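Let us take a walk through a protein together, one step at a time. Have the sequence and the 3D view ready, and find each residue as it comes up.

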Amino acid sequence: MANAATKVKISLLRRLGNYFGNILNDYKTVGLETVQDIKDSSVKASVYLTGFVAAGILIKSNPTASDLNNTLIESAHELSLVGSAIRNKDSDSFVDSLRSAQRDGRLHHTNLGLVSLVWLSDHRDELDLYAAQCKYTHLPWYEFHKRVVDIGVLGKFVTLSRKMQNYDVSTDEWKE
């Protein structure tokens, strides 16, 4: 009985301090081992570092749904400032189809982390018709790539940017 009474009880604060001290020691050991591994195989470490930095840049600059909306509005505005006689028909039809799908609620933006997909659906999400809700009337998952109309990467949408490069040059004018 006397033995039990003489035992020194460790306070809660001391136990928390020991716990976090052990965690700090573990992280210190991992850091030192990582530095040693980098010194031992610098090529492997540089490949990993380059991959992590590239992934970070892609994640940080991935365009959002509001970026898509703003880009579509700006593209439509730029096209409206150019007369229809010299307007590029491909640019005009692409932007018009995207704006129509957006207005109908069929244009969707999906963020995949590193890149974004812009895709079209047959129906808007809120539609409660049988054809819109039945899973057997939808396109199978392995044919999803047919619905993708654009890919967003590094702060811009690739197809839209490509179509808008020469939006003020009509290809009909230069055919000989």
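We start with the overall layout, then visit the sheet, the core and a few individual residues.

This is a predicted model, so local features are described where pLDDT is at least 70 and side-chain atom pairs count only at pLDDT 80 or more, while totals for chains, interfaces and linings use all residues. Residues are numbered from 1 along each chain as its sequence is written, and side-chain values use heavy atoms, with hydrogens and water left out.

The protein has 7 helices and 4 strands. Here helices (H or I, at least four residues) and strands (E, at least two) are DSSP runs, numbered from the N terminus. Going along the sequence, you meet them in the pattern α-α-α-α-α-β-β-α-β-β-α. Of the 176 residues, 19% are buried. Buried means under 20% relative accessible area, exposed means over 50%, and partly exposed lies in between (1.4 Å probe, protein chains only). Now think of contacts, which are heavy atoms within 4.5 Å. Among contacts with a separation of 6 or more, 66% are between residues 24 or more positions apart.

Next, look for the sheet. Strands of a sheet pair through backbone hydrogen bonds, either parallel or antiparallel. In this protein, 4 strands form an open sheet in the order β1-β2-β3-β4, with antiparallel pairing. Two strands count as paired if DSSP finds at least two bridges between them. At the edges are β1 (107-111) and β4 (156-157), each pairing on one side only.

Let us cross the sheet strand by strand. Between β1 and β2 there are 5 antiparallel bridges, and N111 stands opposite S116 in β2. The hairpin of these two strands has 4 residues between them, and G113 there takes a positive phi near 95°. In β2, 4 of the 5 residues are buried, so the strand is mostly covered. From β2 we step to β3 over 4 antiparallel bridges, where V118 faces D150. The last step, from β3 to β4, has 2 antiparallel bridges, and G152 has F157 in β4 as its bridge partner. In the loop between β3 and β4 you will find L154. This residue has a positive phi of about 55° although it is not a glycine. With a relative accessible area of 53%, L154 is exposed.

Stay in β3 (residues 148-153) for a moment and find D150. What is the nearest side chain of opposite charge to D150? It is R162, 7.3 Å away, and D150 is buried yet has no salt bridge. A salt bridge is a side-chain nitrogen of Lys or Arg within 4 Å of a carboxyl oxygen of Asp or Glu. For charge, Lys and Arg count as positive and Asp and Glu as negative, while His and the chain ends are not counted. D150 does have a polar partner: a polar atom of its side chain lies 2.7 Å from the backbone nitrogen of T159. Leaving out residues up to four places away in sequence, D150 touches S116, L117, V118, F157, V158, T159 and L160.

Where, then, is a salt bridge found? Side chains of opposite charge can pair when their charged atoms come close. The count comes to 1 salt bridge. The side chains of D92 and R87 meet in a salt bridge at 3.7 Å, N to O. D92 is partly exposed, because its relative accessible area is 28%, whereas R87 counts as buried at 17%.

Now move to S121, in the loop between β2 (116-120) and α6 (130-133). S121 counts as buried because its relative accessibility is 11%. Its side chain makes a polar contact of 2.8 Å with that of H108. A polar contact is a pair of N or O atoms within 3.5 Å; within protein, one must be able to donate a hydrogen and the other to accept it, and residues adjacent in sequence count only if both atoms are side-chain atoms. Apart from neighbours within four places in sequence, S121 is in contact with R106, H108 and R147.

We finish in the core. In soluble globular proteins, nonpolar side chains tend to be buried together. A nonpolar core is a set of buried Ala, Val, Leu, Ile, Met, Phe, Trp, Tyr and Cys residues joined through side-chain atoms within 4.5 Å. The largest one has 14 residues, and L68, L72, L98, L107, L160 and M164 touch the most other members. The elements giving two or more residues to this core are α4 (65-80) and α5 (89-104), with the largest share, 4 residues, coming from α5. Not counting residues up to four places away in sequence, M164 touches S75, E78, L79, S91 and V95.
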